[in-house]
Amino acid sequence: MPERSKIVSSMMALVAAVALGLGLAPAGAIASSADVAATHAYIQANYALARAAEAEAGGTQASVVLLKQRFGRECPNVGAGSPQNEESQKLSYEAAGALWSAGYGANAGPIRAFARKVKPLRWSNPKLTRIAQSYARSLLELATLALPDLCGDVRAWTASGFKTVPAATTSLDRRAEGIETKTIPPRLLAPYEQPADRGILARTTRLETKLLQTETVVGFSDWDLVLGTLGLNQ
C-alpha cells in the first residue's frame with residue numbers, strides 16, 4: 001500500500017547509516033595534495049565508524065530490545081482499533097523514529113568522533129565536501145534524536161477518536177524525513193586515493209554492506225513488533 005511503501009522507503013534510507021551511494025568520478029580530475037589528504041582522512045574516519053558500528057552491534061540491538069520491552073509494559077495495544085490511514089502512518093513513522101533514537105543513540109560516541117574528524121575536511125570538488133558534511137550532520141541528527149513519548153502520543157491520538165495526531169508526532173516526522181544518510185560514493189573518492197587507501201575503502205565497503213543487510217532485516221522486524229505491541233497498523 002502507498003502508506004507502507006513510504007515508511008519502508010524512509011526506513012531503508014535512514015536505518016542504514018552507512019548506506020552506499022553511486023556516483024561518477026569527475027572527468028579529468030586532478031588529485032591535489034589537499035584532496036589526497038582529505039580523502040585519506042575521510043576514508044580512515046569512515047572505516048573507524050564502520051568498525052565501531054560492527055563492534056557495538058550487540059549493544060545497539062540490546063538497546064532496541066529494552067525499548068520494545070518498555071512499550072510492552074507501558075502501553076500494550078494502546079492503539080487497538082486504529083484505522084489505517086494518513087494519521088496512522090504518522091504514528092507508525094514515529095515508532096520507527098523511536099527505534100532510530102535507541103539504535104543510533106547507542107552509537108553516539110563513534111558518530112561524534114566521526115563528525116569531528118570530517119568537519120574540517122574540504123575538497124577542490126565541492127560535491128565531495130557537501131556529501132561528507134551532510135553525511136556527518138545526518139548521523140549526528142540520528143544520534144541525538146530524542147526518544148519520543150510514543151505511548152503518550154498514541155494514547156492522545158486514541159483519545160481523540162483517531163482524528164488528531166499530536167504536534168510532537170508531526171514535528172518528529174518532519175525532522176526524521178529531512179535526514180539523509182549517504183556517504184561519499186567510492187567512485188568519487190577514487191581519483192584522490194592513495195594506494196593504501198584502496199584496501200581500507202574495500203574493507204569499509206564490505207563492513208557497510210554487511211551492516212546494511214543486517215540492520216535492514218532486523219530493523220523491519222523490530223518495527224513490525226513495536227507496531228504489533230502498540231496495536232498500530234503499518
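**Entry 1: empty space**

I searched the whole structure, a predicted model, and found one cavity of 30 Å³ or more. I then looked up its volume and noted that the largest cavity holds about 60 Å³ of space. Rolling a probe the size of a water molecule over the atoms shows where empty space is left.

Which residues lie nearest the centre of the largest cavity? I recorded Asn 46, Thr 183, Ile 184, Leu 201 and Glu 208, out of 12 residues in the lining. I also asked which helix gives the largest share of that lining. I found that α10 does, with four residues. Helices α2, α9 and α10 each supply at least two residues of the lining.

**Entry 2: helix α2**

I turned next to α2, which covers residues 33-55. I checked its length against expectation: at 1.5 Å a residue, its 23 residues should span 33 Å, and the expected span is 1.5 Å times one less than the number of residues. I found its end C-alpha atoms 33 Å apart, which agrees.

I then listed the buried residues of α2, where buried means under 20% relative accessible area. I noted Asp 35, Thr 39, Tyr 42, Ile 43, Asn 46, Tyr 47 and Leu 49 among them, together with alanines including Ala 38, Ala 45 and Ala 53. Asn 46 thus appears twice in my notes, as a buried residue of α2 and as one of the residues nearest the centre of the largest cavity.

What covers these buried residues of α2? I found that the cover includes α3 (57-74), α5, α6 (126-143), α9 (186-189) and α10 (195-230). Helices α9 and α10 are also contributors to the cavity lining.

**Entry 3: the whole protein**

I counted 10 helices and zero strands. Of the 234 residues, I found that 46% count as buried. I looked up the accessible surface, which comes to about 11000 Å², with 57% of it belonging to carbon and sulfur atoms. Among contacts between residues at least 6 apart in sequence, I noted that 90% join residues at least 24 apart.

**Entry 4: confidence**

I looked up the confidence of the prediction last. The protein averages a pLDDT of 86, and 86% of the residues score at least 70. Which element has the lowest mean pLDDT, and which the highest? I found the lowest, 44, in helix α1 (residues 2-15) and the highest, 97, in helix α5 (residues 108-118). I also noted that pLDDT stays under 50 over residues 1-29. For this stretch, the model has 72 contacts beyond four places in sequence.

Key: Residues are numbered from 1 along each chain as its sequence is written. This is a predicted model: local features need pLDDT of at least 70, side-chain atom pairs count only at pLDDT 80 or more; totals for chains, interfaces and linings use all residues. Side-chain values use heavy atoms; hydrogens and water are left out. pLDDT is the predictor's confidence in each residue, from 0 to 100. Contact means heavy atoms within 4.5 Å. Buried means under 20% relative accessible area, exposed over 50%, partly exposed in between (1.4 Å probe, protein chains only). Accessible areas come from the Shrake-Rupley method with a 1.4 Å probe; for residues, only the protein chains shown count as cover. On a 1 Å grid over the protein atoms alone, a cavity is a set of points where a 1.4 Å probe fits but cannot get out, and a pocket is an open set with protein on both sides within 12 Å along at least five of seven lines; lining residues have an atom within 4 Å of a point. Grid points are joined across faces, edges and corners, and a volume is the space filled by probe spheres set on the points.
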